[in-house]
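This report describes a predicted model with two chains, going from single chains to the contact between them and then to a few residues in loops. Please look over the sequence and the structure before reading on.

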Amino acid sequence: MSSVKPRGKVPKKASIDEVIEIKTLIRHPMHSGRMKDKDGKIIPRQIINAFKVEFEGKEIFSMKLEPSISTNPYIAFPYKAKKSGTFNFEWTDDNGKKYTMKRKMKVS
Amino acid sequence: MKIKKMAQIRRRDAMAIILGTAGAFIMSSSVYASKDKFTQRINKITNNKGAKETEIFLDVPEIAENGNQVKVNFEIESPMSQNDYIKTVYILADGNPSPDVAKFSFSQEMGVCSATTRMRLSKTQNVYLLAENNNNQFFMTKSMVKVTIGGCGG
């Protein structure tokens, strides 16, 4: 699926102990396995089922997604900035395919 | 003789009515099966310990016009220190085909326990938040969402 595209917004700069907000969105149909196509056939389940965020190699936040999550899953969460580093975002779909994204943040 | 025959028919009718009612009972109980499934799910998550109902900031709309995109946001007051932090947060919906919506895993590094996402709701129902802290204690809160057009593509 070439249309699957992750996007994310992380502030480039932050001050120490500032609570920043990280926003992510991945373009994905999230077929729940219940919807039907035009011919009345059930579209098989195909969703993003896991999301993981690492900061400097350490896992800080993860999420398990179920079919009840909307199309184009949007996930936002806060983070208390302590030092400069890189965030690694990783989405996994039902086939085990991974979509990744990196974002850098400078803390001063 | 004729009268006796009629009585027999009536008895047969009565049997049919009894069986019919029993059938209707079985059918109506299957409608509520998802409610049982929901209670079972909560018991499974909490290891039959149950959850304490508390006030947690769970932000869901009162009325959702489109059940396909319902924003859900929560914030739990917690020091998020090594000895006291929220480990897991479950979002559950009791009227969806499957009660689970999402499971969030937090770490102390985050400093704050909060998250936002969007979910599907098939009909008007309660949305539950179930939080677990590092001492395996559970806290729960719920909020009713009225859904105008259901999501889930039922």
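A residue is called buried if 20 or more other C-beta atoms lie within 10 Å of its own, exposed if 12 or fewer do, and partly exposed in between. A:Thr71 is partly exposed, because 17 other C-beta atoms lie within 10 Å. The same three words are used for other residues below.

**The two chains**

Chain A contains zero helices and eight strands. Read from the N terminus, its elements follow the order β-β-β-β-β-β-β-β. The C-alpha trace of chain A spans about 55 × 20 × 20 Å along its principal axes.

Chain B contains two helices and nine strands. Its elements, again from the N terminus, run α-α-β-β-β-β-β-β-β-β-β.

The table sets out the burial and contact values of each chain. The last column refers to contacts with a separation of 6 or more, and gives the share that comes from residues 24 or more positions apart.

| Chain | Residues | Buried | Share of contacts from residues 24 or more positions apart |
|---|---|---|---|
| Chain A | 108 residues | 27% | 55% of contacts with a separation of 6 or more |
| Chain B | 154 residues | 28% | 68% of contacts with a separation of 6 or more |

**Strand pairing in chain A**

Strand E3 of chain A, residues 19-27, pairs with strand E1 of chain A, residues 5-9. The two are antiparallel and are joined over five bridges. Within this pair, A:Pro6 has A:Ile26 as its bridge partner.

E3(A) is also joined to strand E6 of chain A, which covers residues 74-80. This pair runs antiparallel too, with seven bridges. Here the bridge partner of A:Glu21 is A:Pro78 in E6(A).

**Where the chains meet**

How many residues does the contact take from chain A and from chain B? Chain A gives 26 residues and chain B gives 28 residues. On the side of chain A that touches chain B, strand E5 (58-65) and E6 each supply at least two residues. By class, this side of chain A holds 16 nonpolar, four polar and six charged residues.

Strand pairing also crosses from one chain to the other. E6(A) pairs with strand E7 of chain B, residues 113-119, in the antiparallel sense over two bridges. Opposite A:Ala76 stands B:Thr116 in E7(B).

**The largest nonpolar core**

The largest nonpolar core has 53 residues, and B:Ile91 and B:Leu129 are those with the most contacts inside it. Strand E5 of chain B, residues 86-93, provides the largest share of this core, six residues.

Which residues are in contact with B:Ile91, apart from its neighbours within four places in sequence? They are B:Val72, B:Val101, B:Ala102, B:Met119, B:Val127 and B:Leu129.

**Loop residues**

B:Asp94 sits in the loop between E5 and strand E6 (100-106) of chain B. B:Asp94 has 17 other C-beta atoms within 10 Å and is therefore partly exposed. Residues up to four places away in sequence aside, B:Asp94 touches B:Lys35, B:Phe38, B:Pro99, B:Gln125, B:Asn126 and B:Tyr128. The C-alpha atoms of B:Asp94 and B:Ser122 are separated by 10 Å, while the two residues are 28 residues apart along the chain.

A:Thr71, described at the start as partly exposed, is located in the loop between E5 and E6 of chain A. Not counting residues up to four places away in sequence, A:Thr71 touches A:Pro29 and A:Met30. A:Thr71 and A:Lys82 are eleven residues apart in sequence, and their C-alpha atoms are 33 Å apart in space.

**Two residues with positive phi**

Most residues other than glycine have a negative phi. A:Asn72 is not a glycine, yet its phi is positive, about 55°. A:Asn72 lies in the loop between E5 and E6 of chain A. With 17 other C-beta atoms within 10 Å, A:Asn72 is partly exposed.

A:Asp17 also has a positive phi, near 70°. A:Asp17 is found in the loop between strand E2 (13-14) and E3 of chain A. Is A:Asp17 buried or exposed? A:Asp17 counts as exposed, because it has 10 C-beta neighbours inside 10 Å.

Definitions and conventions
Residues are numbered from 1 along each chain as its sequence is written. Chains are lettered from A and ligands numbered from 1 in the order in which they are written. This is a predicted model: local features need pLDDT of at least 70, side-chain atom pairs count only at pLDDT 80 or more; totals for chains, interfaces and linings use all residues. Two strands pair if DSSP finds at least two bridges between them. Helices (H or I, at least four residues) and strands (E, at least two) are DSSP runs, numbered from the N terminus. Two residues are in contact if their C-beta atoms, placed from the backbone, lie within 7 Å. A nonpolar core is a set of buried Ala, Val, Leu, Ile, Met, Phe, Trp, Tyr and Cys residues joined through C-beta atoms within 7 Å. Ala, Val, Leu, Ile, Met, Phe, Trp, Tyr, Cys and Pro count as nonpolar, Asp, Glu, Lys and Arg as charged, and the others, Gly among them, as polar.
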